[in-house]
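Biologist: Please take a close look at a single helix of this model and at the residues around it. I would like one connected account, with the cut-off behind each term.

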Amino acid sequence: SEEFYQTVKDKKVLNGFTPRDLFCDLSELVQKFYGEEVWAQHLHDLLEHDSNKDTDKPYCVVIDDWRRLIESNYFEEKQKFNLIKVYLQKEGYSAKKLKGSSGNYEGKISPSDCDIVFKFKEDYSNTPELIDAIKSFIK
């Protein structure tokens, strides 16, 4: 579950490595074989497939955890989807200094790279305000 992952992602589990380190190393390995934009291409393909379905509802996707400009630049170049970049902050949270490949992913997007900057309360109780901010931006 998400709660479990949040408690162990930075816990050293394998020869001093954390799950976060291992995920980032795996990501880098995949990128070496398929190119740096592999994750953006995969997401683009998923969104394109889903957006082609017949529906009366407006199509909107919110990705709350962009890591690098590579992905957002990829979508801006494609110009197929309306990209709204939201920078999320959290009260009481201070970013950890990460080492190794984890450091290649964290903190690569700054508030100035985004259309909306939003600060969550510690308990996320203001999530509806984020949705309202996105809706206002779209109008």
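Modeller: The account below starts with the whole chain, moves to helix α4, and then follows its surroundings outwards.

The model is predicted, and for that reason local features are reported only at pLDDT of at least 70 and side-chain atom pairs only at pLDDT 80 or more, while totals for chains, interfaces and linings use all residues. Residue numbers start from 1 along each chain as its sequence is written, and side-chain values rest on heavy atoms, with hydrogens and water left out.

The protein chain has five helices and two strands, which follow one another from the N terminus as α-α-α-α-β-β-α; these elements are DSSP runs numbered from the N terminus, with H or I over at least four residues for a helix and E over at least two for a strand. Of the 139 residues in the chain, 26% are buried, where buried stands for under 20% relative accessible area, exposed for over 50%, and partly exposed for what lies in between, using a 1.4 Å probe and protein chains only. Among contacts between residues at least 6 apart in sequence, 63% join residues at least 24 apart, a contact being heavy atoms within 4.5 Å.

Helix α4 spans residues 69-78, and serine 72 is one of its residues. The buried residues of this helix are Glu71, Ser72, Tyr74 and Phe75. They lie on the same side of α4, because the arc that they cover around the axis is only 155°, the arc being taken over the directions from the helix axis to the C-beta atoms. Serine 72 itself has a relative accessible area of 1% and is therefore buried; leaving aside neighbours within four places in sequence, its contacts are Trp66, Leu83 and Lys85. Just after α4, glutamine 79 takes a positive phi of about 50°.

The structure holds two salt bridges, each of which is defined by a side-chain nitrogen of Lys or Arg within 4 Å of a carboxyl oxygen of Asp or Glu, and both can be followed from this region. In one, the side chains of glutamate 71 and arginine 68 meet at 2.7 Å, N to O; glutamate 71 is buried, with 10% relative accessible area, and arginine 68 also counts as buried, at 8%. In the other, lysine 85 and glutamate 76 are paired at 2.6 Å, N to O, but here lysine 85 is buried at 11% whereas glutamate 76, at 36%, counts as partly exposed.

Arginine 68 leads on to helix α2, in which glutamine 31 is placed. Not counting residues up to four places away in sequence, glutamine 31 touches Glu36, Val38, Trp39, Arg68 and Tyr105, and glutamine 31 is buried because its relative accessibility is 11%. Tyr105 appears again in the surroundings of arginine 67, which sits in the loop between α3 (38-51) and α4: with residues up to four places away left out, arginine 67 touches Arg20, Tyr105, Glu106, Lys108 and Ile109. Arginine 67 is partly exposed, with a relative accessible area of 27%, and its C-alpha atom is separated by 9.9 Å from that of serine 110, although the two are 43 residues apart along the chain.

Lysine 85, in turn, leads to the loop between β1 (86-90) and β2 (116-120), where aspartate 115 is found. Aspartate 115 touches Leu83, Ile84, Lys85 and Phe137, with residues up to four places away in sequence not counted. Its C-alpha atom is 6.2 Å from that of isoleucine 84, 31 residues away along the chain, and aspartate 115 is partly exposed at 36% relative accessible area. Leu83 and Lys85 are also contacts of serine 72, which brings this part of the account back to helix α4.

Finally, the cysteines deserve a brief check. The structure holds zero disulfides, a disulfide being a pair of cysteine sulfur atoms within 2.5 Å; cysteine 24 is buried with a relative accessible area of 10%, and cysteine 114 is buried with 16%.
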